[in-house]
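Colleague: Got a minute to walk me through this one? I'd like to go over the helices, and then whatever else catches the eye.

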Amino acid sequence: MHYFDYAATTPLDPDAADVYTETSRTHFGNTTSLHDAGGIAQNVLGHCRQRLAELLGVHTEGIYFTSGGTESNSLALISLAQSARRKGNHLILPAAEHPSVHSAAAYLEEQGFQITLVPYNAEGFLDIKKLNEAITDQTIIVSVQHCNPEIGTIQPIRKISDAVRPKGILLHSDCVQSFGKLPIREITPYLDSLSLSSHKIYGPKGVGALYIAPRLRIVPLFPGAVHEKGLRGGTVNVPGIAAFVTAAEIAECHDDAARYRLLRNTFFQLLAPYPELFTFYGTHHKTKQLPQIIGLRVKRSEGQFIMLELNRRGFAVSTGSACKVGQQHSSMTMSAMQIPHDEAKGFLRISFGRSSTLETVEQLAGCLVEIAKEQNKDQRIATII
């Protein structure tokens, strides 16, 4: 099987796996225990917190370890909204945020908060003009995903910060897809909080992190929690955190952007002769596009059918965010870009990773063209009949 779904999850890096195993064996104490074993585990946790803060260019005191991006997003939005409630009750989100952000927003709506969704433009970027129009004197938080997981567009965080921060509005960013692939330090000065996930960068599943600027007051979702400075409960997963930070350090040392751009360009060149079969989404500006994510539509086809056909032929791709699989809805990104439903249902996502090569990309492109031709031929015959 040739794996082209790295935006959904990644295999565990061998070095990170070794760190996980060794930490589980030798530093297994509970970080809240007062004996030496607990103290050693607490020291490991403290080192990981400091190291991750260094990688992000943020204050160590603002790092909280979580179970992943979903929990981080929920904690950030709900905690910050409750904390800032005296100032206002209005939040603004792009319409294509991760499902965890929309879920947290729905919960806040039940608590009396107001939510405004702002669309994307035709290239998949947040419409800044509409963002400015949505801001009111009650707006307290804007949450913007740094990198779209379905088409790979990189949102202009600094420009968004310039629009909201002078008005005292907090800016949260889901950096799950961009961390380990883009220089996050360039945007952290403009954020009040951000979310990360381990399994997107070849770390273990079930681990993530949240950064909230230490100057901000946090409100725990569940009273009485004792871990992570009271923000969440549950025994801290020290081995998983150590492996996560190891994976982050490895990612920091590798710049694969040029290789992914080569794979991307090769894929586009192979499909370019067939404009009648494919529509591509995203932007051609390489500084605004994550090269390893390609969003496209196979015309007159359903994305799920194409995905299953590719799977049958040995290629793993997806029809969008893994958190939405199995739900009979259009891609959230396609909806945010106001793509008609009958077109959006043909959406397909291809994402490159460490195992992707020119040879496998060429094979994938050839197979995709073959399937698309068969589908379009069948559709023409059905139309004639």
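**Helix 7 and its neighbours**

Modeller: Let's start with a cap: asparagine 237 sits at the N-terminal end of helix 7, with a side-chain oxygen 3.0 Å from the backbone nitrogen of glycine 240. Keep in mind that this is a predicted model.

Colleague: Noted. How many residues does helix 7 have, and how far does it reach?

Modeller: It has 16 residues, 238-253, and reaches 23 Å from first C-alpha to last. That is close to the 22 Å expected at 1.5 Å a residue.

Colleague: And is helix 7 mostly covered or mostly open?

Modeller: Mostly covered: of the 16 residues in helix 7, 13 are buried.

Colleague: At what angle does helix 2 pack on helix 7?

Modeller: About 30° for helix 2, residues 36-56, and the two axes are 10 Å apart. Angles under 35 degrees count as roughly parallel, so helix 2 and helix 7 are roughly parallel to each other.

Colleague: Which hand is that crossing, left or right?

Modeller: Helix 2 and helix 7 cross left-handed.

Colleague: Now helix 1. How does it run against helix 7, parallel or antiparallel?

Modeller: Roughly antiparallel, because the axes of helix 1 and helix 7 cross at roughly 155°, and the cut-off for that label is anything over 145. Those axes come within 8 Å, and the crossing of helix 1 and helix 7 is right-handed.

Colleague: What span should helix 1 have, going by its residue count?

Modeller: Helix 1 covers residues 14-26, which is 13 residues, so at 1.5 Å a residue it should span 18 Å. Its end C-alpha atoms are 18 Å apart, in agreement with that.

Colleague: What goes on at the start of helix 1?

Modeller: Aspartate 13 has a side-chain oxygen that reaches to within 2.8 Å of the backbone nitrogen of aspartate 15.

Colleague: Just ahead of that there's threonine 9. Where is it found?

Modeller: In the loop between strand 1 (2-3) and helix 1. Threonine 9 has a relative accessible area of 18%, so it counts as buried; the limit is under 20%.

Colleague: Which side chain does threonine 9 make a polar contact with?

Modeller: That of histidine 199, side chain to side chain, at 2.7 Å.

Colleague: One more helix pair, then. How do helix 3 and helix 4 cross?

Modeller: The axes of helix 3 (residues 69-83) and helix 4 (residues 99-110) cross at roughly 30° and come within 8 Å. That makes helix 3 roughly parallel to helix 4, and their crossing is right-handed.

Colleague: Changing topic: how many disulfides does the structure hold?

Modeller: Zero. Take cysteine 175, which is in no disulfide: the nearest cysteine sulfur belongs to cysteine 147 and is 9.6 Å away. A disulfide needs the two sulfurs within 2.5 Å, so that pair doesn't qualify.

Colleague: Is cysteine 175 buried or exposed?

Modeller: Buried, with a relative accessible area of 0%.

Colleague: What about cysteine 253, which cysteine sulfur is nearest?

Modeller: For cysteine 253, the nearest is the sulfur of cysteine 48, 16 Å away, and cysteine 253 is in no disulfide either. Cysteine 253 counts as exposed, at 65% relative accessibility.

Colleague: Backbone next. What is phi for arginine 300?

Modeller: Near 55°, a positive value in a residue other than glycine. Most residues other than glycine have a negative phi, so a positive one is worth a look. Arginine 300 lies in the loop between strand 10 (293-298) and helix 9 (303-312), and at 44% relative accessibility it counts as partly exposed.

Colleague: And glutamine 338, what phi does that have?

Modeller: Glutamine 338 has a positive phi of about 60°, although it is not a glycine. You'll find glutamine 338 in the loop between helix 10 (332-336) and helix 11 (341-344). With 57% relative accessibility, glutamine 338 counts as exposed.

Colleague: Last one. Where does phenylalanine 352 lie?

Modeller: In the loop between strand 12 (347-351) and helix 12 (358-384). Phenylalanine 352 is buried, at 3% relative accessible area. Back to the capping residue from the start: phenylalanine 352 and asparagine 237 are 115 residues apart in sequence and 29 Å apart in space, C-alpha to C-alpha.

How values were computed. Residues numbered from 1 in each chain as written. Predicted model: local features only at pLDDT ≥ 70, side-chain atom pairs only at ≥ 80, totals over all residues. Heavy atoms only, no water. Helix = DSSP H or I, 4+ residues; strand = E, 2+ residues; numbered from the N terminus. Expected span 1.5 Å × (residues − 1). Polar contact = N/O pair within 3.5 Å; in protein donor to acceptor, adjacent residues only side chain to side chain. Buried < 20%, exposed > 50% of the residue type's maximum accessible area, 1.4 Å probe, protein only. Axes fitted to C-alpha atoms, helices over the stretch in contact; angles between N-to-C directions. Parallel < 35°, antiparallel > 145°, perpendicular 65-115°, else oblique. Left-handed = near helix turned anticlockwise from the far one by under 90°.
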